Amino acid sequence: MAITSANQLELLQTAEAVAREKMIDPLLVVEAMEESLSRAAKSRYGSEMDIRVRIDRKTGRADFTRVRTVVAEEELENYQAEMTAEQAKPYFAPAKPGRDEFWIREGQRIDPAEAGAPQVGDEFHEAVPPVEMGRIAAQSAKQVILQKVREAERDRQYEEFQDRVGTIINGIVKREEYGNIIVDVGRGEAILRRNEKIGRESYRNGDRIRCYIKDVRREARGPQIFLSRTAPEFMAELFKMEVPEIYDGIIEIKAVARDPGSRAKIAVISYDSSIDPVGACVGMRGSRVQAVVNELQGEKIDIIPWNEDQATFLVNALQPAEVSKVVIDEEAQRIEVVVPDEQLSLAIGRRGQNVRLASQLTGLDIDILTEEEESRRRQKEFEERTQLFMETLDLDEFFAQLLVSEGFTNLEEVAYVELDELLVIDGVDEDTATELQTRAREYLDEQARQALERARALGVEDSLIDFEGLTPQMIEALAQDGVKTLDDFATCADWELAGGWTTVNGERVKDDGVLEPFDVSLEEAQNMVMTARVMLGWVDPEEMLGTASEEGDGEEIVSDEAAATDEARP
């Protein structure tokens with residue numbers, strides 16, 4: 001097939017037709033044609049030649065040009081497409097009449113008479129006759145064009161749907177493959193995986209379906225569009241469509257937790273005091289929430305007012321159960337909830353559904369106790385503390401109970417509390433209070449002496465014993481864990497000492513710390529370790545001061561300790 005004047009315009013018409021059909025830029029199709037013609041020309045003139053083709057965007061005329069580039073003499077490899085500056089001199093002259101040739105420098109045509117001598121990077125363009133493509137060459141050119149068009153179509157699909165991630169899309173069920181639903185979304189196909197479908201749903205070809213675009217990925221076979229109907233964001237987007245106040249930003253959805261197809265909880269807050277966020281989401285006679293429920297195949301939805309106070313928010317999240325008391329452990333991100341005995345099953349929910357959704361909504365691990373269970377636990381703690389004071393302070397049961405009733409939980413509190421706090425106990429005068437403190441201090445001193453002896457027996461060095469901030473009991477615990485020198489202590493991570501929480505396979509797992517029984521916080525552990533490193537000369541104190549100054553300016557600083565923590569954690 002030769003490129004003749006009869007079919008020059010046909011090239012452009014074909015390019016426009018393909019571009020319209022595939023909804024891509026016609027210039028991309030023309031560029032694909034140029035590349036296919038260039039490959040055909042190379043098969044005719046030689047694969048080592050640099051043959052370029054340019055199709056005129058108005059007339060459709062295809063110009064074939066051989067290009068030779070000026071390179072440094074030591075870089076000359078391809079004699080068909082490259083030449084040295086010395087070899088280029090005979091060609092570096094005004095074009096002879098009847099010869100279509102020219103020079104390009106830095107993307108611009110140049111006049112050899114004015115440009116001086118040829119330079120590295122200059123290109124010499126020389127017209128060559130158009131090629132006639134045989135059947136095989138024409139077939140190859142067609143494949144090149146189809147491949148380029150396919151790539152352009154994939155790029156267009158990816159760019160279009162990448163911008164729509166996090167939104168809802170309507171589509172038509174096309175077919176089902178191994179439990180996965182293939183959905184026609186207009187300009188492409190998307191996949192709704194089996195685990196992203198609501199349990200009871202079933203679809204037939206041609207059914208209309210509404211989904212959430214969860215992800216779009218580039219893959220060898222083209223962009224893959226992944227849909228979901230179980231994602232919490234899907235419910236949030238549905239409410240945004242049904243509730244104008246959410247769309248306008250007057251009401252914000254703060255959190256969503258779902259057990260797809262069964263039950264869900266959604267926390268909302270209003271930034272306009274005159275608008276009730278729960279009522280706005282429910283709508284007149286439940287019209288708004290019912291529209292969402294119908295789309296989610298009857299999924300029951302609890303709409304909860306969000307509150308920045310964790311305890312209040314949790315009480316709301318556990319509705320419809322009533323809560324008697326809430327105890328929060330902020331460091332461990334855990335929370336204990338006490339409910340009346342008859343409310344326990346309601347608070348936990350069917351197969352733990354209610355407490356699980358409340359946990360997801362608040363981001364806290366929740367332990368639920370009945371009032372009877374909490375009473376038994378408090379009674380056990382009361383008896384244990386009473387026994388502690390009886391044994392260590394040589395008190396009778398009644399006096400020990402008085403101390404526990406006043407809020408004393410350990411010997412340290414008795415030994416070092418202000419004397420006035422002991423005098424408020426009925427029947428305790430100054431002499432009695434002084435005697436109590438003396439007994440407590442003597443017992444603690446003896447315990448410290450024994451702990452220190454055991455630590456020395458384990459091989460602890462004086463450098464660790466003399467370190468400020470560690471009690472003899474702490475030193476003994478460290479020695480039992482293999483930490484016997486200041487060097488050993490300085491290599492510890494803060495979480496190894498104070499303990500912490502990590503997430504493994506989506507579940508929070510407790511990391512026990514060596515000094516955790518002594519109530520050493522993560523910050524205290526980090527300060528002690530950094531102090532030890534300074535004492536050993538591992539860390540420059542001035543650098544620490546500089547870091548503290550930067551933190552004071554509000555900049556985020558990632559410490560070596562935090563880095564070590566991340567590396568050490570599973």
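Here are five short exercises on this structure, which is a predicted model, each with a worked solution.

**Exercise 1. Get your bearings**

Work out how many helices and strands the chain has, and what share of its residues count as buried.

*Solution.* Start with the secondary structure: there are 24 helices and 19 strands in the chain. Then turn to accessibility: 41% of the 570 residues count as buried. To finish, take the contacts with a separation of 6 or more; residues 24 or more positions apart account for 53% of these.

**Exercise 2. Map the largest pocket**

Find the volume of the largest pocket, and say which element gives the most to its lining.

*Solution.* Step one is the volume, which comes out at about 590 Å³. Step two is the lining: 18 residues make it up, and N410, E412, L444, Q473 and F518 are the ones nearest the centre of the pocket. Step three is to sort the lining by element. Two or more residues come from each of α13 (371-393), α15 (411-416), α17 (430-457) and α19 (472-480). Among these, α17 gives the most, with five residues. Step four is chemistry: the lining splits into ten nonpolar, five polar and three charged residues.

**Exercise 3. Look around L403**

Decide whether L403 is buried or exposed, and list what it touches beyond four places in sequence.

*Solution.* First, locate the residue: L403 sits in helix α14, which covers residues 397-405. Next, check its accessibility. L403 has 0% relative accessibility, and buried means under 20%, so L403 counts as buried. Now go through its contacts, leaving out residues up to four places away in sequence: L403 touches F389, L393, L395, F408, L422, I425 and L436. Finally, pick one of those partners, L422. L422 is 19 residues from L403 along the chain, and the two C-alpha atoms are 8.5 Å apart.

**Exercise 4. Follow the chain through β7, β8 and β9**

Which strands pair with β8 (residues 180-184), and in what sense?

*Solution.* Begin with the strand itself: four of the five residues in β8 are buried, so this strand is mostly covered. On to the pairing with β7 (residues 168-177): β7 and β8 run antiparallel and are joined by five bridges. One residue pair to look at here is I172, whose bridge partner in β8 is D184. These two strands form a hairpin with two residues between them, and Y178 in the turn has a positive phi of about 55°.

Then do the other pairing. β8 is also antiparallel to β9 (residues 189-192), this time over four bridges. Here V183 has A190 in β9 as its bridge partner. Again there is a hairpin, with four residues between β8 and β9, and G186 in its turn has a positive phi of about 100°.

**Exercise 5. Put a sheet in order**

Give the strand order of the open sheet formed by three strands, and name its edge strands.

*Solution.* Read the order off the pairing: β12-β13-β14, an open sheet with mixed pairing. The edges are β12 (251-259) and β14 (300-305), each of which pairs on one side only. For the twist, neighbouring strands of this sheet are turned by 20° against each other on average, ignoring direction. Last, zoom in on one pairing: β12 and β13 (residues 263-270) are antiparallel over eight bridges. In this pairing, E252 stands opposite I269 in β13. As background, strands of a sheet pair through backbone hydrogen bonds, in either a parallel or an antiparallel way.

Terms used:
Residues numbered from 1 in each chain as written. Predicted model: local features only at pLDDT ≥ 70, side-chain atom pairs only at ≥ 80, totals over all residues. Heavy atoms only, no water. 1 Å grid on protein atoms, 1.4 Å probe; cavity = no way out; pocket = protein on both sides within 12 Å on 5 of 7 lines; lining within 4 Å. Points joined across faces, edges and corners; volume = space filled by probe spheres on them. Nonpolar A, V, L, I, M, F, W, Y, C, P; charged D, E, K, R; others polar. Buried < 20%, exposed > 50% of the residue type's maximum accessible area, 1.4 Å probe, protein only. Contact = heavy atoms within 4.5 Å. Pairing = 2+ DSSP bridges. Axes fitted to C-alpha atoms, helices over the stretch in contact; angles between N-to-C directions.
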